[in-house]
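This report looks at a ligand and its surroundings, and then at a pair of aromatic rings. Please keep the structure open while reading.

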Amino acid sequence: MNQFPIQHPTKFKTKPDPKTLVFGHSFTDHMFLMNYDAGKGWHDGRIVPYGPLSLDPSSMVFHYAQEVFEGLKAYRRPDGGVQLFRPDCNAQRMIDSCERLCIAPVPEDIFVDAVKALVKVDEDWVPSEPGTSLYIRPFVFATDTSVGVHASKSYLFCIICCPVGAYYKEGIDPVRIYVENEDVRAVRGGTGYTKCGGNYAASIRAGERAEEQGFAQVLWLDGVERKYIEEVGSMNVMFKVDGKVITPKLTGSVLPGITRRSCLELLRSWGLEVEERLITAQELFDAAKAGKLDEAWGTGTAAVISPIGEMDWNGLCAKVNGGNIGPVTQKLYDTLTGIQWGTKEDTHGWTVKL
Ligand SMILES: Cc1ncc(COP(=O)(O)O)c(C=O)c1O
């Protein structure tokens, strides 16, 4: 296991009230930093007090967005211990993202050991109120100080953490979404399958428009034919149609979600028929009209499972299961959250105790 030196702040912060935690607003006492330089590799991994970074204005990340990130959580178990959910999958996804963006990949063992070491140091920040957790944000960015498009020869790998509240404060509630016809998030051959900031920058406008119109999320269509469903907001998406679970296949423009993968493994282990394939918006609205769109839900680390109650597209409105959460959606939510918070046995070996 990699060991990292620890430097503590002179003054520790006052922790926020776990009952009123807002996502992504307060950060823990420490952060992890590690440098990369061509010819030297990754070096000087260290845990330091959380605080501002000093960067040259010509740092490449500001101009050409050579940057990738990850998102995972640490959960407080009923026995008081702390555990992570599939951190090796986040490490591997970040390697894949780095390779696409020509960034020096952070080796899996360094990624996982750094996450564990930082969460251990800030363990008191992992809240224990129901549904709360510690969100972990690893990211890597280009630090070469020169303007001119090329692959940087130096990078900074950083991890920060923030305690987050229960996603559903008043119970898990189905949301309204609409199909986005104008903006696209990603195209095949681009960076859609990676977690690079540019994908999110491209998605903000549609998200803002959806919110203005009272929708919770955008249902993204593929960027070429504008007819195949890809993702919902910052989540993967699944549908139960006529008894079968279908989800968009990973064509290169869809992020391979770790919650998606876990759901598919669970659904198959329960004996449900599951298909990963191209799905048109038309097919879904036809199924809804025929009364065959049984359930729909988004999957992602933040919400775990987000039931969809209504979908709007070109003036059409498809209600899903009468706007109520369906049985498969509920079972996935209960099973995954049970494994993550340690109230259900982890028979898949997905959790990693600190
Ligand atoms: C665009 C996008 N799709 C899907 C997901 C779901 O991925 P995961 O289940 O690994 O959180 C996320 C969140 O990380 C995302 O940002």
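Which pocket does the ligand take up? The space taken by the ligand is the largest pocket. The model is a predicted one.

Two elements each give two or more residues to the shell around the ligand: helix H5 (258-269) and strand S14 (293-300). The ligand has 15 residues around it, and those that come nearest are Lys195, Tyr200, Glu231, Thr259 and Thr301. Sorted by class, the shell holds 7 polar, 4 charged and 4 nonpolar residues.

Some side chains place a polar atom, N or O, within 3.5 Å of an oxygen atom of the ligand, which is the cut-off for a polar contact. The table lists such contacts.

| Residue | Distance from a polar side-chain atom to a ligand oxygen atom |
|---|---|
| Arginine 93 | 2.8 Å |
| Threonine 259 | 2.5 Å |
| Threonine 301 | 2.5 Å |

How much of the ligand's exposed area does the protein bury? On its own the ligand exposes 390 Å², and 95% of that is buried by the protein.

The second topic is the aromatic rings. The model has 14 aromatic pairs. One pair is formed by tyrosine 36 and tyrosine 155, with ring centres 5.8 Å apart. Why is this pair called tilted? Planes under 30 degrees apart count as stacked and those over 60 as edge-to-face; the planes of tyrosine 36 and tyrosine 155 are at 55°, so the pair is tilted.

Where do the two rings lie in the chain? Tyrosine 36 belongs to strand S1 (residues 30-37), while tyrosine 155 belongs to strand S7 (residues 154-164). The pair therefore ties together parts that are 119 residues apart in sequence.

Key: Residues numbered from 1 in each chain as written. Predicted model: local features only at pLDDT ≥ 70, side-chain atom pairs only at ≥ 80, totals over all residues. Heavy atoms only, no water. Near = heavy atom within 4 Å. Polar contact = N/O pair within 3.5 Å; in protein donor to acceptor, adjacent residues only side chain to side chain. Areas by Shrake-Rupley, 256 points an atom, 1.4 Å probe, with all protein chains shown as cover. 1 Å grid on protein atoms, 1.4 Å probe; cavity = no way out; pocket = protein on both sides within 12 Å on 5 of 7 lines; lining within 4 Å. Sits in = over half its atoms within 2 Å of the grid points. Helix = DSSP H or I, 4+ residues; strand = E, 2+ residues; numbered from the N terminus. Nonpolar A, V, L, I, M, F, W, Y, C, P; charged D, E, K, R; others polar. Phe/Tyr/Trp six-rings, centres within 6.5 Å; stacked < 30°, edge-to-face > 60°.
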